[in-house]
Amino acid sequence: KTNTCEPACGAGETCVKGECKLGNISAKVVQSVARGGDKTTITLSRGTSHKVSPGMKGKVSGVGSFSITSCTPYRCTAVLNAPISKLGAKNRATIYR
């Protein structure tokens, strides 16, 4: 079996073992608010119009993982499992599909 998809995969999809899969979504942390303890509320630069929804998980590179709690069409809010002091200037996030 060849590694091609029929019909061809759509935008943002990759052919993996004959199946179309959506790739991860990159985002920026546009706001962060300390929640106390080892948690931080972050706002991400992606929303429902980017096929992101509450319950999805991801990570901020070099900081920690997060879980998305709510979304609007162009922004999502998530709880980051790290203190705001660890976030610093790091603003690159990956949302897993």
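User: Strand 7, residues 76–80: is it largely enclosed or open, and why?
Analyst: Largely enclosed by the rest of the structure, because four of its five residues are buried. Keep in mind that this is a predicted model.

User: Which strands pair with strand 7?
Analyst: Strand 4, residues 40–44, runs antiparallel to strand 7 and is joined to it by five bridges. Strand 6, residues 64–71, is also antiparallel to strand 7, again with five bridges.

User: What stands opposite Thr77?
Analyst: Thr43 of strand 4 stands opposite Thr77. So does Ser70.

User: How many residues link strand 6 to strand 7?
Analyst: Four, and the connection is a hairpin.

User: OK, strand 5. Which way do its side chains point?
Analyst: They alternate along residues 57–60. Gly58 and Val60 point to one face and are buried. Lys57 and Lys59 point to the other face and are not buried.

User: Why would they alternate?
Analyst: Because side chains in a regular strand alternate between the two faces of the sheet.

User: What does strand 5 pair with?
Analyst: Strand 6, antiparallel, over four bridges. Strand 5 also pairs with strand 8 in the antiparallel sense, over three bridges.

User: Which residues face each other there?
Analyst: Lys59 stands opposite Ser65 in strand 6. On the strand 8 side, Gly58 has Ile95 as its bridge partner.

User: What's in the turn between strands 5 and 6?
Analyst: The two strands form a hairpin with three residues between them. Gly62 sits in that turn and has a positive phi of about 75°.

User: Switching to the core. How many residues are in the largest nonpolar one?
Analyst: It has 18 residues. The ones with the most contacts inside it are Ile42, Leu44, Val60, Phe66, Ile68, Leu80 and Ile95.

User: Which strands supply it?
Analyst: Strand 3 (25–34), strand 4, strand 6, strand 7 and strand 8 (92–95) each give at least two residues to this core.

User: What's the general tendency behind a core like that?
Analyst: In soluble globular proteins, nonpolar side chains tend to be buried together.

User: Now Thr41. Buried or exposed?
Analyst: Buried, because its relative accessible area is 19% and the cut-off for buried is under 20%. Thr41 is found in strand 4.

User: What does Thr41 touch?
Analyst: Leaving out residues up to four places away in sequence, Thr41 touches Gln31, Ser32, Val33, Arg35, Thr77 and Ala78.

User: And Pro83, where is that?
Analyst: In the loop between strand 7 and helix 1 (84–87). Pro83 is partly exposed, with a relative accessible area of 23%.

User: How far is Pro83 from Thr41?
Analyst: They are 42 residues apart in sequence. In space the C-alpha to C-alpha distance is 9.5 Å.

User: Which residues does Pro83 touch?
Analyst: Gly37, Asp38, Lys39 and Thr40, not counting residues up to four places away in sequence.

User: Last topic, charges. How many salt bridges in the whole structure?
Analyst: One turns up in a search of the whole structure. Lys21 forms a salt bridge with Glu19, and their closest N and O atoms are 3.6 Å apart.

User: Are those two buried or exposed?
Analyst: In between. Lys21 counts as partly exposed, at 41% relative accessibility. Glu19 is also partly exposed, at 48%.

Methods: Residues numbered from 1 in each chain as written. Predicted model: local features only at pLDDT ≥ 70, side-chain atom pairs only at ≥ 80, totals over all residues. Heavy atoms only, no water. Buried < 20%, exposed > 50% of the residue type's maximum accessible area, 1.4 Å probe, protein only. Pairing = 2+ DSSP bridges. Salt bridge = Lys/Arg side-chain N within 4 Å of Asp/Glu carboxyl O. Core = buried A, V, L, I, M, F, W, Y, C linked by side-chain atoms within 4.5 Å. Contact = heavy atoms within 4.5 Å.
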